[in-house]
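Hi,

Here is the structure I promised to pass on. Have a look at it first, and then read my notes underneath.

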Amino acid sequence: MENNPNEDQNNLQPKKRTYNRKNKTVENENSNIQPTTEQPKKRTYNRKPKNAEVTESQPQITQEETEKIVENVVEQPKKRNNNRKKAEIKETAPEKIVESIAETVVETKTEEAKEVQNKNQNNQQPKKQPKNFPKELTQQDLPKLPKKEEPKEEPKEKPQPQPQIQETQEQPTPKKDWEKELIKYFAKNPGRKIHINKIFKDIHANNNQKSFVVDALEKLLIDGKINLTKDSHFQSTVQNPEMEIVEGKVEFVNASYAFVVSPDREEDIWVSAYDLKNALDGDTVKVGFYPSKKNGRQEGKVIDIMIRKRDEFVGKLEFYHRNAFVAPEMRRMYRDIRVEDTKGAKRGDKVVVKITDWGSMHRPLTGDVIEVLGKAGTNNAEMPAILAEFNLPRQFPQEVLDESQKIQSKVTPAEIKKRRDFRHITTLTIDPADAKDFDDAISLLPLDNGNWEIGIHIADASHYIQPGTELDKEAVYRATSVYLVDRVVPMLPEKLSNDLCSLKPNEDRLTFSAVFELDEEGNIHGEWFGKTVIHSNRRFSYEEAQERLETKKSDYAQELKVLNYIAKQLTQKRFAKGAINFETIEVKFKLDENSKPIGIYFKERKDAHRLIEEYMLLANQRVAEFVVSQLENNHPKAMVYRTHESPNMEKLENFSKFAKTFGYDISLNGKQMARSINKLIDDTTNTPQQNILQSLAVRTMAKAKYSTEMIGHFGLAMPHYTHFTSPIRRYPDILAHRLLEKYLKNMPSESQKILDKICQHATDMEKRATEAERASIKYKQVEYMQMQDRNKIYDGVVTGVTEWGVYVEMTETKCEGMVRLSELWNDEYELDAPNYCVIGKYTGKKIAFGDLVKVKLKDTNIEKRTIDLSMIMEENRNQNTKRQKQRQKEKTRKRVK
């Protein structure tokens, strides 16, 4: 549809339109997600002159320039995270190869000559030989190396050997084809760096044969079949033809072994820690493996480390025998880092360490402290440490801040003329009470035909953030804002996030809007998309809006009532199509002036929250459907979608069996499955099992992600869905704005290759941000419990069982702790994994997932963010004392036998 920005406000197009609002819970965005993203590679900034100003309209960059920018920002490591260490010499001229190994070879041949000369000297003077003879050999005493100018030609004049050597030395004759021997040897050690002395030893070359081995090595170097590394080691460039090679990411299981997960293989490859070649969790590697399996599993070894996931780690500084070490807090990191430069940090400080030497299996990692965060355990040290732990940015580069300050703040009349004007229409924002950025607003206008024109207005961040600028590069890299308990790490600098792109009341603001004509039943009669200008009349908190919905009094109560009524009709239509109503509990903290938690409460979702979410969902859905309708060569134009795949049936079946133990039947078929899960959610609301059952239901689902593929959103029951409504905090939303603007002007499709890379990067950064947010909540929960009475008894529910303990969530605080099996005094408990429980060996007593129990606080560890609990057993201690004596007798009999 042709989009005219000067079109009259009531002239709605006949085609259906699109709506939506930021949705935090419905899409399962806070489900458990494991990070594995590659570290963005080195970014190159094209700096502008300091006196340059950023104008409102900036020239568009070409697609080739865009591809280069994406390569630099998404694929290349940043300057502050340059973690690729090149140790190999890829290309070396034959002349330089011979020269480079001369020093390595001369040492070996000198030893041979010394042995021969010593033997001859012993024959001539067996009794009077000096102890220090010979002190050293001259260059004439050494066997001649090939000349680097003509390595294969024979010298014209052969030097005369020493008389005593000529009498005793036997001319060695090769009995083997050493070149073939070496080819076989390197084929068995693909990618491994090997010293020449190790080669001599492994192929059993004696002193008389070493010179021939050296000649064969030179030949292989010249032929390019092996490389000589900077540290004078040899490395094969030709892999064993019997060995298969794939690329994948390392996922540690424990300190002894890891798996390499490759998208090219369904089965993961088991790799011993000894064969990981010093790779760490998350690194991208090449792994070699043979078709045959050992112990029923595919085993392999790492051949080369392609990309280091990270080179900065956070941990607590400790000293041992005057050496400084840091034990990284990152999960699945099992190696300490020896610190050379501590930057003045003291024992017990939280620090950020940058790796300078990746070491080996027998040599530790080495690094330097680049930032001292503060004393471990304090809020000002632990919160930045969480950001560093998940490799998230903590500060904006100066060039980004400088560029943001040059942006013109005032909305000019010239820009207003280019846009559809909504300033005279009633417009409201509804956000959390402590929010500083308001990126969406809703307008309401009654129409003559009895319908309503409802506009979803989103901050036009894409107007200020032009492709190729420093602001855009930083936004691509960050990809999302990070929300910790006591702070926000924004995607955009403060001037944009809290000022120009914040839809403050009583100020003109530039927006990108989706406008709909809706009847009171929620049916769409028309839609329009385009650039607009608004003037918000009122800023509501959720609590204020909810009060007006309940009392129907005070300012704008009637407008909110209409918006709420239509929103409920839209909700019913979604659920009728098979949408799932995920309602997980969100923990909030009351903090004092020092950010210490003085109370815990739970965010309650009411009609005011659902009202906003429903209109944001509508906008996101209809924008995606509009783009799908724009064809180019009979194919929809490229777009960034928010996708959510159907759940894995095996996981769903396991969840169905588990839910049945609580009396809930989960259907495995289509819409019936959604209805049965929604019923479980409704029935468990406000029960002790609510959080664990709903969390398990969320984990059963696939994880939502960004993609250019149109696979739909299972949880929302929408065939096409995008993120359009939060460009201040999500970079994919900025992309959606740019693409929609292009397609409204009938411009050609964007490069899907570029969009794919940004989608993958944005998904990875979102996972990291989510994990950091959870870590900050866990830290505050431990900090809060640390101040509580140790004698208080809490009601709890079992949320997990393992071989070493039972996890319990305290109902009052929603804090989770562990009761160790070894401390359950009434029996010896063993894990029964298929039935989600532990069973007493003597009593048969079960402690199962979902059981209601009573616990007391035993200990807290604020640095590790853990809580230890002790379980209150209801049985008589005297009866259990007899059982303990009986168990002791049985143990004694076993020892005697």
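Below is what I found, starting with the whole chain and then going through a few spots.

Before anything else, keep in mind that this is a predicted model. The protein chain has 897 residues, and buried residues make up 52% of them. You'll find 21 helices and 35 strands along the chain. Take the contacts with a separation of 6 or more: 71% of them are between residues 24 or more positions apart.

**Around W270**

W270 is a good place to start. This residue belongs to strand 5, which covers residues 269-272. Is W270 buried or exposed? Its relative accessible area is 14%, and because the cut-off for buried is under 20%, W270 counts as buried. Apart from neighbours within four places in sequence, W270 is in contact with Y257, A258, F259, R297, Q298, E299 and G300. Of these, have a look at R297: its charged end sits over the ring of W270, 4.0 Å from the centre. The two residues are 27 apart along the chain, yet their C-alpha atoms are separated by 7.1 Å. There is another arginine over a ring elsewhere, with R310 lying over the face of F313 at 5.1 Å from the ring centre.

**Aromatic pairs**

Searching the whole structure turns up eleven aromatic pairs. One of them is F516 with F529: the ring centres are 6.4 Å apart and the planes are at 85°, so this pair is edge-to-face. F516 sits in strand 19 (residues 508-518) and F529 in strand 20 (residues 524-535), so the pair ties together parts that are 13 residues apart in sequence. Both rings belong to buried residues: F516 has a relative accessible area of 0%, and F529 comes in at 4%.

F529 has a second partner, F626, and here the pair is tilted, with 5.3 Å centre to centre and 50° between the planes. This pair links distant parts of the chain, since F626 is in helix 15 (residues 607-629), 97 residues away from F529 in strand 20. F626 is buried, as is F529. Ring pairs also link F658, F662, Y836 and F849 into a cluster.

**Helix 16**

F658 brings us to helix 16, where it is one of the buried residues, along with L652, F655, S656 and A659. Why do I say that these buried residues line one face of the helix? Seen down the axis of helix 16, they fall within an arc of 165°, so one face is what they line. On the other side, E650, K657 and K660 are exposed. Helix 17 (670-684) and helix 18 (690-700) are among the elements that cover the buried residues.

As for its build, helix 16 runs over residues 649-660, twelve in number, and reaches 16 Å from its first C-alpha to its last, close to the 16 Å expected at 1.5 Å a residue. Its N-terminal end is capped by N648, with a side-chain oxygen 2.9 Å from the backbone nitrogen of E650.

**Helix 13**

Helix 13 (residues 542-551) can be read in the same manner. Its buried residues are Y542, A545, Q546, R548 and L549. They cover an arc of only 160° around the axis, which puts them on the same side of helix 13. On the other side, E543 and E550 are exposed. What covers the buried residues includes strand 14 (427-431), strand 21 (538-541), helix 14 (557-576) and helix 15. That last one is the helix that holds F626. Just after helix 13 comes K552, whose phi is positive, near 60°.

**A buried serine**

One last spot is S502, in the loop between helix 12 (494-500) and strand 19. S502 is buried, with a relative accessible area of 0%. Its side chain reaches the backbone nitrogen of F438 at 3.1 Å. Not counting residues up to four places away in sequence, S502 touches K436, D437, F438, L496, S497, R509 and I728.

That's everything I have for now. Happy browsing!

Key. Residues numbered from 1 in each chain as written. Predicted model: local features only at pLDDT ≥ 70, side-chain atom pairs only at ≥ 80, totals over all residues. Heavy atoms only, no water. Helix = DSSP H or I, 4+ residues; strand = E, 2+ residues; numbered from the N terminus. Buried < 20%, exposed > 50% of the residue type's maximum accessible area, 1.4 Å probe, protein only. Contact = heavy atoms within 4.5 Å. Expected span 1.5 Å × (residues − 1). Arc of directions from axis to C-beta. Polar contact = N/O pair within 3.5 Å; in protein donor to acceptor, adjacent residues only side chain to side chain. Phe/Tyr/Trp six-rings, centres within 6.5 Å; stacked < 30°, edge-to-face > 60°. Lys NZ or Arg CZ within 6 Å of the ring centre and 35° of its normal.
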